[in-house]
Amino acid sequence: MTPLIITVCGVGAEVSKAQQPALPITPEELAEDAARCRQAGASIYHLHVRDDSGEPTMSVDRFRAAKAAIEDASDLIVQFTSGGAVTDTEQDRLAPLSLRPEMASLTTGTVNFGDEVFSNPRPLIERFYDRMCDLDVLPEFEIFEAGMIATAGSLYESRGSTHHQHFDLVLGVPGAMPAWDDAVGFLAAHLPQDSTWSATGIGRAHLPVTQAALRLGGHVRTGFEDVFYFEAGVPATSNAQLIERVAAMARAEGREIASPEQARELLRLPSSKR
Ligand code: ZN
């Protein structure tokens, strides 16, 4: 079976350092986290950054420093968020792409996040997508609802794109698609042929979604952005701990873990980082 790409979403925009003391924020912390995650089996780092007070930011300088720290400490594929936090403006969300990470996330629709709205009208999605294509940044389509798969497909076709299509299925966000038993299989069945996909479940949805993705030949995302508790009532102690668990689950099913170079091959990225 295809080796497993593990994406670490090690920071996110929600959890605070007070809640999660191991949250990597400074370049030094990110470098150490990246090296440990690589050791544990990660091949992609899905990156958000924080300011000095620990609040989420889309500061280009912060992204530059974080990207350099991760790339100096590891050979991980760096994937920037283009979602940021729900309060960020379009210009703020677009700005870090100028640093040309190998990948960036692209949410192809609007969705409720708890009491907030993660707003992605079609014209905004088109501008984000075109900017990524112009800069040769591979999008990872973030799918929170089934309709987002159709939007990603129509975007890809409308541009006559030829890049590899990679998706991340995010289930269990309050207000969005729950992690129903058949949700991963249903979404995966509607993805384009020859595409690849990972899945993640938020909070208690995490392990069932991970198990379903492994069983169906998908890839997996894990990390502090999606998971707070390692088990009931026990907070996770590091991103690496979460990756080690996924890697162990995969090996138990006879699945090898992809190195970053293997992940680049599967995603049809150039073979070495920029
Ligand atoms: Zn994110």
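In helix H2, the buried residues (under 20% relative accessible area, with exposed meaning over 50% and partly exposed in between, 1.4 Å probe, protein chains only) are Phe63, Ala66, Lys67, Ala69, Ile70 and Glu71. Helices here are DSSP runs of H or I of at least four residues, and strands are runs of E of at least two, numbered from the N terminus. This is a predicted model, in which local features need pLDDT of at least 70 and side-chain atom pairs count only at pLDDT 80 or more, while totals for chains, interfaces and linings use all residues. Residues are numbered from 1 along each chain as its sequence is written, and side-chain values use heavy atoms, leaving out hydrogens and water.

The buried residues of H2 pack against helix H1 (27–40) and strands S2 (44–47), S3 (49–50), S4 (56–57) and S5 (77–80); contact means heavy atoms within 4.5 Å. H2 covers residues 60–73, and its end C-alpha atoms are 20 Å apart, which agrees with the 20 Å expected for 14 residues at 1.5 Å a residue. That expected span is 1.5 Å times one less than the number of residues.

Within H2, Glu71 and Lys67 meet in a salt bridge (3.4 Å, N to O), a salt bridge being a side-chain nitrogen of Lys or Arg within 4 Å of a carboxyl oxygen of Asp or Glu. The two lie 4 residues apart, about one turn of the helix. Residues three or four places apart in an α-helix point the same way, because there are 3.6 residues a turn. Glu71 counts as buried because its relative accessible area is 12%, and Lys67 does so at 11%.

Another H2 residue, Arg62, forms a salt bridge with Asp52 (2.6 Å, N to O). Asp52 sits in the loop between S3 and S4, 10 residues from Arg62. Asp52 is exposed because its relative accessibility is 72%, whereas Arg62, at 29%, is partly exposed. The whole structure has 15 salt bridges.

Glu140, in strand S9 (residues 138–143), is buried yet has no salt bridge. The nearest side chain of opposite charge, Arg221, is 4.8 Å away; Lys and Arg count as positive and Asp and Glu as negative, with His and the chain ends not counted.

The largest nonpolar core has 68 residues, and Ile70 and Trp197 are among those with the most contacts inside it. Such a core is a set of buried Ala, Val, Leu, Ile, Met, Phe, Trp, Tyr and Cys residues joined through side-chain atoms within 4.5 Å. Helix H8 (residues 239–252) gives the most to this core, with 6 residues.
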